[in-house]
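Some labels attached to a structure rest on cut-offs that are easily forgotten. Could you take me through the reasons behind a few of them?

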There are 2 protein chains.
Amino acid sequence: MNQVVDFINVNRDRYVDELKQYLAIPSISALPQHAADVRRAAEWTGEALKTAGLQNVRLIETPGNPVVYGDWLNAPGKPTILFYGHYDVQPVDPVELWTSPPFEATVRDGEIYARGSADDKGQVFMHIKAVEAHLKQTGSLPLNIKFFIEGEEEVGSVHLDDFVRSHKQELAADVVVISDSPMFDRGIPSICYGLRGLVYCQIDLRGTKSDLHSGSFGGAVANPAMVLAQMLAQMKDRGGRIKVPGFYDAVRPLRDEERAEWKRLPFNETRYRKELGAPKLFGESGYTTLERTWARPTLEVNGLLAGFTGEGAKTVIPAVSMAKVSMRLVPDQDPDTIAKLFEDYVRKITPKTVEVKVTRMHGGKPWMTEFDNPFVKAAGRAIEKGFGKTPVFNREGGSIPVVATFQELLNLPSVLFGVGLPDENAHAPNEKLDLGNFHGGIVASAYLYDEIARTK
Amino acid sequence: MNQVVDFINVNRDRYVDELKQYLAIPSISALPQHAADVRRAAEWTGEALKTAGLQNVRLIETPGNPVVYGDWLNAPGKPTILFYGHYDVQPVDPVELWTSPPFEATVRDGEIYARGSADDKGQVFMHIKAVEAHLKQTGSLPLNIKFFIEGEEEVGSVHLDDFVRSHKQELAADVVVISDSPMFDRGIPSICYGLRGLVYCQIDLRGTKSDLHSGSFGGAVANPAMVLAQMLAQMKDRGGRIKVPGFYDAVRPLRDEERAEWKRLPFNETRYRKELGAPKLFGESGYTTLERTWARPTLEVNGLLAGFTGEGAKTVIPAVSMAKVSMRLVPDQDPDTIAKLFEDYVRKITPKTVEVKVTRMHGGKPWMTEFDNPFVKAAGRAIEKGFGKTPVFNREGGSIPVVATFQELLNLPSVLFGVGLPDENAHAPNEKLDLGNFHGGIVASAYLYDEIARTK
């Protein structure tokens with residue numbers, strides 16, 4: 001392993017230069033006008049896999065964006081890793097809040113700022129470079145590996161389940177490795193053993209056939225913007241508890257051991273609050289902030305739109321209003337069940353004065369694994385070697401629906417091996433990746449292959 | 001008067017052609033990028049006044065958009081009308097809902113569709129043409145008239161009070177005539193004797209310094225979109241009554257006579273509801289629809305914005321949220337007092353988890369006059385001659401703040417002589433003006449000068 005690590009250390013700057021090229025491609029999967037960029041990112045990913053020495057590299061078409069595949073299967077008798085990541089990125093609006101352009105990667109204070117730096121191009125690239133280091137220095141890998149990089153993660157991986165179902169043979173492996181989550185904190189590498197699931201819906205209300213003059217008609221009709229506000233206000237009580245009937249029925253209570261373990265984590269609530277710039281933290285009564293984000297479900301309004309929103313004043317009663325509402329789920333909540341409960345509740349609280357439409361956008365199941373899984377242990381050792389510190393074991397508030405898919409369809413455990421940071425601004429302006437962690441992540445990935453090889 | 005009316009009848013088509021040119025100018029005062037168009041509309045208005053034979057025509061500069069002035073003061077001993085109107089128009093968004101382009105006036109089924117057709121260019125032009133008919137056919141007018149056409153009505157007439165205050169001499173008159181309101185219904189010409197006032201505010205909330213990933217942070221912080229919804233929901237009770245403390249204190253109760261008079265008006269609630277396309281009407285308990293829109297104050301959400309509002313799904317907790325909220329006021333509510341009560345209430349119901357900013361945009365006082373005012377009676381006779389029907393006396397839900405200004409600063413009564421229709425879509429897509437009413441309005445305006453001349 002020494003020569004592999006040496007190689008990685010020597011090439012540190014080159015990796016950053018190459019990553020910048022990757023980050024320059026605005027592969028925003030949510031916006032149709034970026035379709036060509038998304039494909040360009042897929043092609044770039046394929047070329048990077050070839051350069052690293054992977055074999056059978058190809059783009060596999062789906063009804064949406066292509067999957068990039070590449071493998072190295074020349075270690076008979078050794079385990080096979082299925083590495084999963086994504087080359088698509090989130091939209092960048094409000095773009096005016098970015099300090100440097102989102103698709104011109106800029107290094108400031110040891111961090112690289114660009115959309116996709118942490119989520120997920122930077123972490124995908126880290127594994128590509130770890131493979132390259134092994135193959136360039138030793139001509140081989142200690143195990144077998146399959147790269148499976150998709151382009152629709154940021155739009156709910158809509159074609160992924162079908163793809164996995166119809167490529168079971170090609171994707172067969174012993175363990176899935178995913179690097180798409182942050183570590184617990186700066187300097188505290190971690191292994192994530194639980195993720196929340198997701199249900200994302202859009203509520204559309206219509207009050208009248210067109211916008212009305214609020215002078216002439218104000219008082220005579222229900223205002224869909226006000227009705228929407230009244231409906232949203234009925235979704236949570238003052239203690240932050242979600243009022244959708246049945247919502248909490250399947251929630252697995254937090255175990256005392258977990259609660260105790262998390263209390264020991266170096267989590268500074270004041271620092272956390274200040275970093276977010278929030279006047280005061282707020283969440284469900286009876287739980288700590290870590291418990292609220294890792295082990296409790298929640299409901300968030302992700303977007304609101306009605307009437308006139310430009311500068312100045314326009315005296316309209318909007319004809320329509322819209323809210324995007326998503327719920328984060330925890331084991332053992334089922335997205336389909338929750339979506340149904342939510343829709344039923346929305347219909348129940350919609351007054352007869354407006355028409356309602358609820359559109360389900362996407363969702364994913366929550367996921368949890370056990371601490372004593374041998375692959376999780378192997379990942380812990382690799383992290384320790386790459387970062388020089390024992391990792392902590394945590395859950396994450398975000399959703400990686402594919403983890404549940406791999407569990408269900410391929411019966412594979414997942415190891416979440418993330419090197420982002422909690423303040424990385426994934427999905428927000430000024431997304432960034434710490435270059436120290438990027439480098440440490442390449443070394444740790446190289447060790448990971450070695451450690452997983454030893455499990456068999 | 002016969003030759004004047006004959007002239008108007010003969011020129012019917014020419015008036016429509018000229019009006020189309022006026023409506024082609026996108027004089028949207030709310031949008032800075034239309035500043036040049038606003039000035040062009042002012043110049044066009046001045047040229048039209050000159051063509052009609054008015055004297056001393058000029059643009060008078062203000063700190064905002066110019067006032068267009070013109071007069072004819074050659075009837076000594078006769079009353080002087082101050083005609084007030086505006087050449088600016090509302091924004092046109094959502095522009096995709098217009099059947100024909102908002103600034104290419106299009107006639108369909110006897111109605112001319114364009115932004116500004118009813119509000120207010122069409123009604124301003126009607127008076128210009130009535131003056132022209134008198135002067136072209138008889139060389140004189142039966143009274144004195146001053147035209148005072150402003151360009152900031154749709155942005156709250158922000159410089160008007162100062163202008164009136166500093167031009168009291170030039171604006172001195174016996175009565176103000178305004179044509180900027182709809183008639184009661186198609187075929188039911190009316191004189192409006194009351195208007196609601198307005199307070200328009202914007203509420204801005206900030207929760208965190210930037211948008212957050214709703215997975216990683218969902219549950220830990222207050223969501224400003226949800227907080228805004230909860231605050232708006234606290235502004236009205238289930239019966240539609242406004243919960244701002246003190247809001248109703250100065251409301252003049254509806255008189256029994258008015259209530260009885262309005263019950264006799266041919267108002268078809270089912271037709272009204274169907275025309276608006278509302279599943280169900282809704283308003284303050286204990287009042288009819290006419291009472292709710294004419295004699296009761298109300299509170300409306302005019303705009304809502306937070307987070308991701310594009311197509312698809314973006315899992316953010318918005319850093320900020322915004323609502324535009326306006327209140328329509330009735331006698332004797334005072335805009336300053338109400339604005340203060342509203343701001344106090346907003347601050348009171350804002351939780352400590354967010355920062356709040358309340359911006360007052362603009363406002364205007366409510367207004368009412370008496371039935372037996374001689375000028376109102378004269379206007380009733382003119383309407384009867386122009387439309388062949390006795391007008392009804394009604395109030396209006398909208399606001400024309402300048403009416404209160406003229407009352408206060410110039411001590412002048414106003415006659416509201418509107419020929420729009422309730423479904424004219426002022427402030428909404430597909431604004432229109434009935435060409436029969438436009439023509440009848442020119443005839444009635446010509447008679448109005450004659451009838452007002454007889455009051456002295």
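The questions and answers below set computed values against the definitions in use.

Q: What makes a residue or atom pair eligible for these statements, and how are the names assigned?
A: This is a predicted model, in which local features need pLDDT of at least 70 and side-chain atom pairs count only at pLDDT 80 or more, while totals for chains, interfaces and linings use all residues. Side-chain values use heavy atoms, with hydrogens and water left out, residues are numbered from 1 along each chain as its sequence is written, and chains are lettered from A and ligands numbered from 1 in the order in which they are written.

Q: Why are A:Glu431 and A:Arg115 called a salt bridge?
A: The term requires a side-chain nitrogen of Lys or Arg within 4 Å of a carboxyl oxygen of Asp or Glu. For A:Glu431 and A:Arg115 the closest N and O atoms are 2.7 Å apart, so the pair qualifies as a salt bridge. The two residues come from distant parts of the chain, 316 residues apart, with A:Glu431 in the loop between β17 and β18 of chain A and A:Arg115 in the loop between β5 and α4.

Q: Why do A:Glu431 and A:Arg115 count as buried?
A: Buried means under 20% relative accessible area, exposed over 50%, and partly exposed in between, all with a 1.4 Å probe and protein chains only. A:Glu431 has 1% relative accessibility and therefore counts as buried, and A:Arg115, at 0%, counts as buried too.

Q: Why is B:Lys365 called partly exposed?
A: Its relative accessible area is 34%, so B:Lys365 falls into the partly exposed class. B:Lys365 forms a salt bridge with B:Glu408, the closest N and O atoms being 2.9 Å apart. B:Glu408 is in helix α14 (residues 401-409) of chain B, and helices here are DSSP runs of H or I with at least four residues, strands being runs of E with at least two, numbered from the N terminus.

Q: Which residues of chain A are linked in a network of salt bridges?
A: The network links A:Glu111, A:Arg186, A:Asp423, A:Lys432 and A:Asp434. Over all chains, the structure holds 58 salt bridges.

Q: How do you know that the side chain of A:Ser399 has polar contacts with backbone oxygens of A:Arg196 and A:Gly197?
A: A polar contact is a pair of N or O atoms within 3.5 Å; within protein, one must be able to donate a hydrogen and the other to accept it, and residues adjacent in sequence count only if both atoms are side-chain atoms. A polar atom of the A:Ser399 side chain lies 2.9 Å from the backbone oxygen of A:Arg196 and 3.3 Å from that of A:Gly197, so both distances fall within the cut-off. A:Ser399 itself counts as buried, at 13% relative accessibility.

Q: What makes up the interface of chain B and chain A?
A: The contact, meaning heavy atoms within 4.5 Å, takes 90 residues from chain B and 90 residues from chain A. Across this interface the rule finds 36 residue pairs in polar contact (both at pLDDT 80 or more), but zero salt bridges.

Q: Why are strand β11 of chain A and β11(B) called paired?
A: Two strands pair if DSSP finds at least two bridges between them. Strand β11 (residues 298-307) of chain A and β11(B) share five bridges in the antiparallel sense, so the condition is met. Within this pairing, A:Ala306 stands opposite B:Leu304.
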